[in-house]
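Here is a short report for someone meeting this structure for the first time. Please keep the sequence and the model in view while reading.

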Amino acid sequence: MTGQTPWQTVGPYFHYALPWKGGADLVEGRGDAGARMDLVPDGHYTLNPNDHPRGVAKGQIVTITGTVFDGDGTPIPDSFVELWQANAAGRYDSPDDDRAELALDPDFIGFGRASTDADGVFIIRTVKPGRVPGPGNSLQAPHIAISVMARGVIKRMVSRIYFADEASNTEDPILDLVPPARRATLLAVPVGEGQYRFDIRLQGEGETVFFDV
Amino acid sequence: MSLILPYNREEEGAHPPFLSPDYKATIKRSPQQPLIRIPQTLTEVTGPAGRWDRLMGPAIADLTKIGTGEAIGQRIVVSGRVLDEDGRPVPNTIVEVWQANAAGRYIHKKDQWNAPLDPNFTGSGRIITDDQGRYRFYTISPGAYPWGNHYNAWRPAHIHFSLLGPAFATRLVTQMYFPGDPLIPLDPIANAVPAHALGRMISRFDIETTQEAFALSYIFDIVLRGRDATPMED
Ligand SMILES: [Fe+2]
């Protein structure tokens, strides 16, 4: 056994290295979504040039908008949210999901990064994930696994985005482990057709539930 | 129904606590509630693989030749292996790196301290490990930089590393330091890590792989979480 390499913060200057253009649009990788081109000088952007055609992922398209707040309730402009989710059929695009009976979507990978802007706001465009198995015979409710990273966040903070209008939340084995009074911090709230709101509070009043995985 | 082979948890005492008050920015950005421990499900034991071109873009393994001319500074080659805790290689995984230039300045627009930018150096790249978990890239030796955390606070020279590994559970972001740097013992970010594990982030100079009349070599092996021995039914 060798010891794990320790975590360190991403610091404030990750924008020209991690969040690629279109990385927060898991549906079709459009535009600058997820990147902060305002922080990278012209000619110094080495991430995905995003100039190749892409199809549109299958499923119900949803947009999730939120703000990342610190313990004073101040928005955090130097953070990003990393995403991992199943496709609309509930299949992960991963060699470790071998359930061939569920179709992969050639236009959907399910991995993304969404930087917060100068006002601490991130916007994610994706398809609502299908349900995937949980422990025992359970089925999990649709969810997106997230890692929050920022200057001042010395190791990632792991959480999940669930959908508040999803009936299967009541049978979700992971939500069931969360004290009822804190579950709402994991629910994206519908604010319009296909539009959801999901704020992340790193500390204090209404602190988002973070997981030890 | 398939069997879930969970990964080990975060190694006790090897990682920094969220609240590491000497690194002041953690004071308002660390959770106060305890983490809720959840079992690893299919969500946590899967991860993207082999689609890097469609995500971050093609590999960049020579950071010294991104501009029209060569980057200024001491040319170095950084290499190593990505392994799990049982010493098994982690193949075909993406290693993303970013760093300051030789003067200690980041190309990032928020970095405004008085040190020169190098038009021929961006300081970011990414490499995919081979089937033995090996990676290698060329860059220039990064400079130290002041960061205002406290009086005369200087970050030791470092390169940021971001790794996905095979699964959501194996995610790692770390910083690689250089041997013998006198700033390391003074640095609140490095020393947020328990003392016995700090050395795991310090690369070693290697004359064997140093390239004659070309580049000094530093070796940095990275260890991600391994598999737990006990399978769980999903
Ligand atoms: Fe840095």
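The report covers the metal site, the contact between the chains, the salt bridges and two loop residues.

This is a predicted model, in which local features need pLDDT of at least 70 and side-chain atom pairs count only at pLDDT 80 or more, while totals for chains, interfaces and linings use all residues. Residues are numbered from 1 along each chain as its sequence is written, chains are lettered from A and ligands numbered from 1 in the order in which they are written, and side-chain values use heavy atoms, with hydrogens and water left out.

## The iron site

Which protein atoms hold the iron ion as donors? They are the OH atoms of B:Tyr106 and B:Tyr145 and the NE2 atoms of B:His158 and B:His160. They lie 1.9 to 2.3 Å from the iron ion. Donors here are N, O and S atoms within 2.8 Å of the metal (3.2 Å for Na, K and Ca); water is not among the atoms, so sites may look incomplete.

Along the chain, the donors follow the spacing Y-x38-Y-x12-H-x1-H. B:Tyr145 sits in strand 7 (residues 145-146) of chain B and B:His158 in strand 9 (residues 158-163) of chain B, so this pair ties together parts that are 13 residues apart in sequence. Helices (H or I, at least four residues) and strands (E, at least two) are DSSP runs, numbered from the N terminus.

The arrangement is irregular because the four donor atoms subtend angles of 92 to 163 degrees around the iron ion. Four donors count as tetrahedral if all angles lie between 85 and 135 degrees; four count as square planar and six as octahedral if opposite donors are over 155 degrees apart and all others between 65 and 115; anything else is irregular.

Are B:Tyr145 and B:His158 buried or exposed? B:Tyr145 is buried, at 7% relative accessibility. B:His158 is buried too, at 2%. Buried means under 20% relative accessible area, exposed over 50%, and partly exposed in between (1.4 Å probe, protein chains only).

## Where the chains meet

Chain B puts 94 residues in contact with 86 residues of chain A. Contact means heavy atoms within 4.5 Å. The two chains bury about 8,000 Å² between them, with 58% of it on carbon and sulfur atoms. Buried area is the accessible area (1.4 Å probe) that two parts lose on being put together, summed over both.

Between chain B and chain A there are 56 residue pairs in polar contact, both residues at pLDDT 80 or more. A polar contact is a pair of N or O atoms within 3.5 Å; within protein, one must be able to donate a hydrogen and the other to accept it, and residues adjacent in sequence count only if both atoms are side-chain atoms. Several elements of chain B each supply at least two residues of the side that touches chain A, among them helix 1 (42-45), strand 4 (94-99) and strand 5 (124-128). The largest share, five residues, comes from strand 10 of chain B.

## Salt bridges

A salt bridge is a side-chain nitrogen of Lys or Arg within 4 Å of a carboxyl oxygen of Asp or Glu. The whole structure holds 31 over all chains. Between chain B and chain A the count is 10. Some examples follow.

| Pair | Closest N to O |
|---|---|
| B:Glu44 and A:Arg160 | 2.7 Å |
| B:Arg29 and A:Asp78 | 3.0 Å |
| A:Lys155 and B:Glu10 | 2.9 Å |
| A:Arg36 and A:Asp38 | 2.9 Å |

B:Arg29 is buried at 8% relative accessibility, and its partner A:Asp78 is buried at 11%. A:Lys155 is buried at 9%, whereas B:Glu10 is partly exposed at 32%. Within chain A, A:Arg36 is buried at 7% and A:Asp38 is partly exposed at 43%. A:Asp25, A:Glu28, A:Arg30 and A:Arg125 are linked in a network of salt bridges.

## Two loop residues with positive phi

Most residues other than glycine have a negative phi. B:Asn92 has a phi near 50 degrees, a positive value. B:Asn92 lies in the loop between strand 3 (75-84) and strand 4 of chain B, and is partly exposed at 38%. B:Ala213 has a positive phi near 55 degrees. B:Ala213 is in the loop between strand 11 (204-205) and strand 12 (216-219) of chain B, and is exposed at 77%.
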